[in-house]
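This report looks at local features of a single model, taking the disulfide, the strand pairing and the backbone in turn. Please keep the sequence and the coordinates at hand while reading.

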Amino acid sequence: MAFSKTGLLAASLVALLAAAGCNSTRLSSMDTQPAPLPAAPAGTVTSGQLPPPSAPGAAGASQFPAAPAQTQVAALPADGGAAAANAPDITATSVAGVWSASVSGQSCKVATPQTKFGQGFRAGPLRCPAPIDGVKSWNVAGKQLTLFDEAGSPLARLYQSGEGRFDGQTSNGLPISLNR
């Protein structure tokens, strides 16, 4: 069996490097234990009885501030009020599309295609908070845009308040707006 000088040299070099790797000190520091941590400061522990809890409304309750008085929240009257009187007439064509909705400060999208369904046309809320998450259809009548639930009950009534914007309230009094 004949070996070439290059092959013999390569085999010798590999054997030499393998033997040299066994003597490396690179990994020897992993065999040592870390230094122990200093002890935590020790204090004295005492025992005793805690005072009994006070009843709600007792003297201990005075440490909290008084609850705020009833605050007023702006909302449209149920009949639409002045918004309805000043709003322009609307058509299904002017409402069809995708709207950015805001319900009590929470935003989502509402799709209003012109596909016949329920009380008028199909509607699709996209990640909306309650009660708008239950919108299934919509319709227009004169100046009013109404959003309906699955049973055909009104969930919100809105009036056009500007170009590409509707404002109103939900059936439970939450403010709602739609804009493009």
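## Exposure and the status of the model

A residue is called exposed when its relative accessible area is over 50%, buried when that area is under 20%, and partly exposed in between. The model discussed here is a predicted one, and by these cut-offs R127 is exposed, because its relative accessible area is 82%. R127 is found in the loop between β5 and β6, and its phi is near 60°, a positive value in a residue other than glycine.

## The disulfide

A search of the whole structure finds one disulfide, which joins C108 to C128 with an S to S distance of 2.1 Å. The torsion about the S-S bond of C108 and C128 is about 90°, and the disulfide is therefore right-handed. The pair links distant parts of the chain, 20 residues apart, with C108 in strand β2 (residues 106–112) and C128 in the loop between β5 (124–126) and β6 (137–141).

Are the two cysteines, C108 and C128, buried or exposed? Both C108 and C128 are buried, whereas R127, in the loop between β5 and β6, is exposed with its 82% relative accessible area.

## Strand pairing around β2

Strand β1 (residues 97–103) runs antiparallel to β2, and seven bridges join these two strands; within this pairing, S102 stands opposite S107 in β2. Strand β2 also pairs with β5, again in the antiparallel sense, over three bridges, and here K109 has L126 in β5 as its bridge partner. As a general point, the side chains of a regular strand alternate between the two faces of the sheet.

The hairpin of β1 and β2 has two residues between the strands. S104 lies in that loop between β1 and β2 and takes a positive phi of about 50° although it is not a glycine. S104 counts as partly exposed, because its relative accessibility is 40%, a value that falls between the cut-offs of 20% and 50%.

## The loop between β5 and β6

Which peptide bond is cis, with an omega of about 0°? The cis bond joins A130 and P131, and P131 is found in the loop between β5 and β6. This loop also holds C128, the cysteine linked to C108 in β2, as well as R127, whose phi is positive and near 60°.

Key: Residues are numbered from 1 along each chain as its sequence is written. This is a predicted model: local features need pLDDT of at least 70, side-chain atom pairs count only at pLDDT 80 or more; totals for chains, interfaces and linings use all residues. Side-chain values use heavy atoms; hydrogens and water are left out. A disulfide is a pair of cysteine sulfur atoms within 2.5 Å. Helices (H or I, at least four residues) and strands (E, at least two) are DSSP runs, numbered from the N terminus. Buried means under 20% relative accessible area, exposed over 50%, partly exposed in between (1.4 Å probe, protein chains only). Two strands pair if DSSP finds at least two bridges between them.
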